[in-house]
Amino acid sequence: MSDIPIIWVLGGPGCGKGTQCAKIVEKYGFTHLSSGDLLRDEVSSGSDKGRELQAIMTSGALVPNQEVLSLLNNAVTRAKGNSKGFLIDGYPREKNQGIAFEEQIAPADLALYFECSEETMLKRILSRAAAAAVKRADDNEATIRSRLQTFKQNTSDILGLYADKTLTINAERDVDDIFIDVVDAIDCILKKKQKAVKAC
Ligand code: AP5
Ligand code: MG
């Protein structure tokens, strides 16, 4: 795994993590693993565990890390033989998640942090919900406010711990302007990885 990039994609609810990941996948062909999507897949399986997860997600709180990390670990294991790189979207959300990921899966090369005001994030999620054929259970104003609160409680610790590999990107701009900064950062990581492989 050390020859392919592992990128954490961080930022509050509705900042645009999924949107930027879709563009990265289109350009670089990386494997996109969203912790929220993996959890929603578990919920839609209708299992007892899925029902427990649904209740936590609808409250806007964090699911216990062993659940999320195990879903991510399985997904990485399944994909790693053929992957050009991993985008880990929505993880870590608190610093112990970052520590556990690096111990149990692999060190991250880069964290992209999409910085956005709460007002913008709230507006973006409400517009997504208004346009959606099937609305996410957590895309209502009360749960969004709780998700924002959960995000605020944990983020400064993560940004502090991983300052040396985090790039903060102003996510208040247009999708394509944000993506220019994303591409610069990923190209830089890919160059570093190529040099490291050649040096071996
Ligand atoms: P998750 O599914 O990750 O949700 P989230 O972090 O709240 O973020 P969203 O997916 O809602 O938004 P996004 O940043 O992807 O934005 P998007 O691109 O869609 O997590 C859900 C829940 O699962 C959590 O609350 C928690 O309970 C649980 N969970 C997940 N990970 C966990 C973990 N690690 N540990 C524990 N629990 C976990 O964009 C939003 C909208 O804005 C779209 O309509 C889009 O078109 C629009 N948009 C995007 N960019 C722009 C732009 N630049 N300008 C204008 N509009 C834009
Ligand atoms: Mg998302």
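## Strand 3 and its two faces

In this predicted model, strand 3, which spans residues 86-89, is covered on both of its faces. Phe-86 and Ile-88 lie on one side of the strand and are buried, and Leu-87 and Asp-89, on the other side, are buried as well.

## Pairing of strand 3 with strands 1 and 2

Strand 3 pairs with strand 1 (residues 6-11) in the parallel sense, over 4 bridges, and within this pairing Leu-87 of strand 3 is the bridge partner of Ile-7. Leu-87 is also among the buried residues of strand 3.

Strand 2, made up of residues 31-34, likewise pairs with strand 3 in the parallel sense, over 4 bridges. Here the bridge partner of Thr-31 is Phe-86 in strand 3, a residue that is buried on the side it shares with Ile-88.

## Packing of helix 2 against helix 3

Two packed helices are described by the angle between their axes and by the distance between those axes. For helix 2 (residues 35-44) and helix 3 (residues 48-59), the angle is about 130° and the axes are 8 Å apart; helix 2 is therefore oblique to helix 3. The crossing in which helix 2 passes helix 3 is left-handed.

## Residues at the helix contact

On the helix 2 side, Gly-36, Leu-39, Arg-40, Glu-42 and Val-43 form the contact, and they meet Lys-49, Gly-50, Leu-53, Gln-54 and Met-57 of helix 3. By character, the residues of this contact between helix 2 and helix 3 divide into 4 nonpolar, 3 polar and 3 charged.

Methods:
Residues are numbered from 1 along each chain as its sequence is written. Chains are lettered from A and ligands numbered from 1 in the order in which they are written. This is a predicted model: local features need pLDDT of at least 70, side-chain atom pairs count only at pLDDT 80 or more; totals for chains, interfaces and linings use all residues. Side-chain values use heavy atoms; hydrogens and water are left out. Axes are lines fitted to C-alpha atoms, for helices over the stretch in contact, and angles run from 0 to 180 degrees between N-to-C directions. Helices (H or I, at least four residues) and strands (E, at least two) are DSSP runs, numbered from the N terminus. Angles under 35 degrees count as roughly parallel, over 145 as roughly antiparallel, 65 to 115 as roughly perpendicular and the rest as oblique. A crossing is left-handed if the near helix is turned anticlockwise from the far one by less than a right angle, and right-handed if clockwise. Contact means heavy atoms within 4.5 Å. Ala, Val, Leu, Ile, Met, Phe, Trp, Tyr, Cys and Pro count as nonpolar, Asp, Glu, Lys and Arg as charged, and the others, Gly among them, as polar. Buried means under 20% relative accessible area, exposed over 50%, partly exposed in between (1.4 Å probe, protein chains only). Two strands pair if DSSP finds at least two bridges between them.
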